[in-house]
Structure formats: structure tokens, C-alpha cells
Amino acid sequence: MNDTTTETTPSNFIRNIIDADIASGKHQQVITRFPPEPNGYLHIGHAKSICLNFGIANDYPNATCHLRFDDTNPGKEKSEYIDAIKEDLQWLGFDWGENLHHTSDYFDQLYAYAVQLIKQDKAYVDSLSADDIRLYRGNLTAPGKNSPFRDRSIEENIDLLERMKNGDFAEGEHLLRAKIDMAAPNINMRDPAIYRIKNMSHPMTGNKWHIYPMYDFAHCVSDAIEGITHSLCTLEFEDHRPLYDWFLDELKTPAHPQQIEFSRLNLDYTVMSKRKLHELVEGGYVSGWDDPRMPTLSGMRRRGYTPNAIKDFCSRIGVTKKDNIIEMSVLENSLREDLGEHAPRALAVLDPIKLIIDNYPDDKEEILSGVNHPKKPEEGTRDIPFSKELYIERSDYMDDAPKKFFRLTEGREVRLRFAYYVTCTHVVKDDNGNVTEVHCSYDPETRGGKSEDGRKVKGTIHWVSVKHSVTAEIRQYDRLFSVPAPALEKEQDYKDFINKDSVDILQNCQLEASLAHANMSAYQFERQAYFCQDSVDSKPGALVFNRIVTMRDSWAKKK
RNA sequence: UGGGGCGUGGCCAAGCGGUUAAGGCACGGGGUUUUGAUCUCCGCAUCCCAGGUUCGAGUCCUGGCGCCCCAGCCA
């Protein structure tokens, strides 16, 4: 079967570079890597990077993509995040095969390289305080100045580093720095830190180390050790590339990967930074990392997003160096396309109101037949029970409706999907004027929803049989923020823009009987939206469905 | 008056000096339709600005303007 979401990945400037590298013979085989820090959950922005890196590995001959946990900061990282990250990657359908690595796998080699730098007089142990180092660094327009410890002897530096490693010092007492240029216009080149003392154990290496390498040093060396050919990262590391290259040139590593930067993904009406996501979780603004409103992969999975929709989205947005904010509609389009093709259809009434067919026999029941997918007859049909009393959507009836309202109002005929034509005769209201019952008469000649006389019935509405329907809770989700770019609001904190109506819980929804044993990952409740059972709260007999995404609704737009 | 990037329609994004500037999303309109869904047809930019080079520039040069990133012993 042809899957619409696995069409050829569009090219981009990075693939063009790789193509050229292969054509020139610079590389025979391509190796990329996805290097998450295990300090939080993956989000849709990571998916862009994942699809780029693993996508390249999938598309080029003999290419691979390594998964490498960048675990150089035991103060922030936890192994529980490692498991979550692996799960998300597998869910998306990517496979790192044998290539599971940790930066901590290279701690011994990293240390040896650091000693080598000292021996080359390209690194030194600084004993300035953190505050003084900041002062000595200068600022954006003023050059920095050399630390008084910059000219320690090689022997002393090696000895000090050794003792730092062994835990002889307190955190902050010493720092191993590269010896580059304190006047460099690029601040990253002003003697950046290589190793800092952290007297804490590490999830992978236990208590072996009292020093841990910094990103700039560890990342390029790890890439080189693994023979990565193209090290793809986001734009904010562009300024770090000279340092990336400096380390590898000084150390004469066996390989020198090429760092290429691209712009990170921004989606409107949400936030994408790990810091903010942490804050939403820890501040209780959402129910957890997997809250269905979160842009995390775990949240989107629980919400009902599909891996194919996410991958299709990533291929549509492209890869460039331009800052961007992608509209949610692009993601939703990818989702609807996938769900529309794969989700079986069902009838469900979210806001029920009774419809009584006065001329239908009181005790009669019929079993009608509904197609599971209008475009795929091979998916068959299902039985739908019908009787005198039905539930329909409250919004499908209106007093004094305009001509263009193709639903129920007194005197108007509509089709009950898969069932009969019914004509509204009158309604019953309560003391407040709210409609409590819609009364209709039906035409027995229209069983199945069609008539012999060719009469046109413009409107078709969904329904369930009162006697047969099952009750469910439905959680209708909407955008988490009320403004397109909450993180860019200068005057106020992004949390001030959390959408108070981002979830709307309906308790008394009535679903067609077959849904009591729902076992598909997603359904389309016809005319409304796509839904999935909530993976944590839905139980047999106490069903909970999440609204994944609504149907397009051109009628709602006109109103 | 430091350094590094970016600037093609509402949002993305092709374009690599030479037909009327791809495509997607969004939007507007027509048709089909037992989901106001789907499907389908149509419409929708002269490329940040100003000079210049050239027979010819979104693509090259010069000068502006605008936006983003960098002063963690975070990544």
C-alpha cells in the first residue's frame, strides 16, 4: 500500500551539501547523530531534528544515524529521561540499531585529549572565581584580559587537573580552560571552559569522576570519535563552530566532522523551550509532560497525533537557516490527512438532546448498517441500532433557522445518517426556554437514508439510539496559549497567555454502541472531529476520549 | 562604533543570471457529495530598500534598513 506520508523527502541545503560531499568523494558513507541531553522530554522541535538526521540515514546508501545521549552534566540529567527519549524515538519509527552511545562513554578519551591540550600549551587550569572569570571575560564590545593563572607550567596544570579529577577540590575552586584569545571578538573563543569540578555521581559512571567536560569540548570530540560526517545542530551554535573546529584541529582527531546549523522549529500558540516546558510541568499549569496540550512527543502521542502525521509535517516545513514560526494549521493539515485516511468512522453525540420520532413504533428496533470508511469499502460496515428515541447534537436544531441552515428547524427535513429522513414537527422547551425534545416524523420509505423519488435533502446529521448508546467523557483540547508567539511577548510573562479554555471536558457524551469496545487508535466521530481513547484514564465502562483535532469546518467560518 | 546569522505572497519554501517567480498551508470563489468532511476546479507575489554591473538580476557588486543569536564553571 502506498502511504501518502512516505513520499520522497524534499531536499534542503543540508542534503545539498551532503550530495556534494558524496559526489566529490569526500565521504563514501554518511553518519549523522541525534544528541539529546537527557534533561527533559522530547518535543515537536526535536522531531524536526530527528527527522532530518534519521531521515538522511534512511535515504543515503549505507548511512547511519547515531543516538547519543549528551550526558555531561549530572546536575541536570536523569536516566528516566533516557527511557522516555528512547520510547519517543521508537514511537516515531526510527531505529538507531547498534549505535546507541553516551558522551560519558568517552570520558576517558576526553580526559586524555584534555591532557594533550595542556601538553600543547593550549589549556590551563584557572583558579579565578566564577565571578572574576566573568569580569575578566570582558563584554560584547570590550575585550577580555588574561587570567593571572594563565601561564602556569604544563606540569602544574597536569597535576592540578589530575587532582581535580580525583576530588581534591571543592566545586568552583578550579576550572580547566582552553588557551585561545581573551580578546577574540567571538566571546566563545575567550578561553572557554573545558572541564569543571562537579562533586556528584553520574548515572552512567557513578563516582568515578569529579570533573565533567563542557559541551563545546565534549561534543566535537564525541562526534569525531564516532566518525560523524555531518554534525547538524541549531542556529544558536553557529558562534560555537570556530571552537568546534579549533578543538579538533588542535587535537588532530582522526576525523573532523562538519558542523552545519539550521533554524529550530517554532510553532504558533505554543512554547518550545525545555525550560518553559519544565516550568509548565513543575508549576502545575499542565498535568505532566504528557498532557495532551503539550508540544512534547509524549503529549502529542496521548493526544492522538500519529507518527506519520509528525513526519509528514517535518518534511513539509523544510530545513533552512531562516527564523520561522510555523502555523499550527500546517501540523493540523498533516494530522487530518493521516487520520482521514486511517481512522474508522463512528457516530457520537457530544451535547445530546432528545429527538423523538412520533410516528415510529414505540418498541421497534432496527439494525442499520454504517460504512466504516467512505473511501474504503474493504473496511466493511458495522451494525448501528435504531429506535424511536434518539440523541442528536443540540446544535443541530435551531429556532427560526436561516435558509442556509441545513439542519433541523420546524418544518425542515434532514437525513439521519445511515437511517431515515425525518421532518421536524415541533419542539418541547423547559421553563427557561431551552429545547428539551425535538419531535419529528419519519418517512419509512427512506430507510438507509435515500429516497426513491429523488427528493433532495441537503442536510445529514448524526445520531445515536437512546436505548443503545454508551456514555463517555470527552476532553476537547484547544491551543495551550491565546497568542501566536507567547515566548516573544516582551511586556509579559508567557504564562500570562495560557489559554484558559485549552481544555473543555464534556461528561455526558453519547456514543454509538460499537464504541463500547473501541480498540482502534483513532476514530472520526462524523461531522465533528477525530478522537482517541485517553491512554491513562479511559477504562471499559468509563470511557474517556480525547479530541485530537476537529474537522475542517467551512460552515463555522461563514458564521 | 564587537562578533555571527537571516531577509521571496498571511505562514512555510523552491529558485544556483535568461520562458508569464515551483509547491504546501491559509484565505476567497465554483462543482460533486448520505460527514457543511473528503474530492475537484479556479483565484491569490516581481522577490526588505536604494544605487550599480549586464542585452538580461530574486539570483552578481556597493551602500542602507530590519530581525535573530552570543558576555553559563548549561546544552
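This is a chat about a predicted model of a protein with an RNA strand, covering the RNA contacts and some salt bridges.

Me: Which residues come nearest to RNA strand B?
Reply: Phe406, Arg417, Gly448, Gln524 and Arg552 do, out of 67 residues around the strand.

Me: And what share of the RNA atoms within 4 Å of the protein is sugar and phosphate?
Reply: Sugar and phosphate make up 67% of those atoms of RNA strand B.

Me: What kinds of residues form the surface near RNA strand B?
Reply: By class there are 27 charged, 22 nonpolar and 18 polar residues.

Me: Which helices and strands supply at least two residues each to that surface?
Reply: You'll find α5 (130-136), β6 (193-197), α11 (307-317), α12 (328-342) and α13 (554-558) on that list.

Me: Let's get down to atoms. What part of RNA strand B is 2.7 Å from the side chain of Asp70?
Reply: A sugar or linking oxygen of the strand, and the Asp70 partner is a side-chain N or O atom. Ile325 also has a sugar or linking oxygen of RNA strand B as its partner, at 2.8 Å, but there a backbone N or O atom of Ile325 is used.

Me: What does Gly172 sit beside?
Reply: A base nitrogen of RNA strand B, which lies 3.0 Å from a backbone N or O atom of Gly172.

Me: Changing topic: how many salt bridges are there in the whole structure?
Reply: A search finds 46. One of them joins the side chains of Arg15 and Asp59, with N to O at 2.9 Å.

Me: Why does that pair tie together separate parts?
Reply: Because Arg15 is in helix α1 (residues 13-23) while Asp59 is in helix α2 (residues 44-59), and the two are 44 residues apart in sequence.

Me: Is Arg15 buried or exposed?
Reply: Arg15 is buried, at 7% relative accessibility. Asp59 is partly exposed, at 40%.

Me: What about Arg134 and Asp131, how far apart are they in the helix?
Reply: They are three residues apart in helix α5, about one helical turn. Their salt bridge has its closest N and O atoms 2.8 Å apart. Arg134 is partly exposed at 48% relative accessibility, and Asp131 is partly exposed too, at 45%.

Me: Which residue does Glu238 pair with?
Reply: Lys321, in a side-chain salt bridge at 2.4 Å, N to O. Glu238 is in the loop between β8 (230-234) and α8 (241-251), and Lys321 is in the loop between α11 and α12, 83 residues apart.

Me: Which residues are linked in a network of salt bridges?
Reply: Asp290, Arg302, Glu473, Arg475, Asp534 and Asp537.

Note on methods: Residues numbered from 1 in each chain as written. Chains lettered and ligands numbered in written order. Predicted model: local features only at pLDDT ≥ 70, side-chain atom pairs only at ≥ 80, totals over all residues. Heavy atoms only, no water. Near = heavy atom within 4 Å. Polar contact = N/O pair within 3.5 Å; in protein donor to acceptor, adjacent residues only side chain to side chain. Helix = DSSP H or I, 4+ residues; strand = E, 2+ residues; numbered from the N terminus. Nonpolar A, V, L, I, M, F, W, Y, C, P; charged D, E, K, R; others polar. Salt bridge = Lys/Arg side-chain N within 4 Å of Asp/Glu carboxyl O. Buried < 20%, exposed > 50% of the residue type's maximum accessible area, 1.4 Å probe, protein only.
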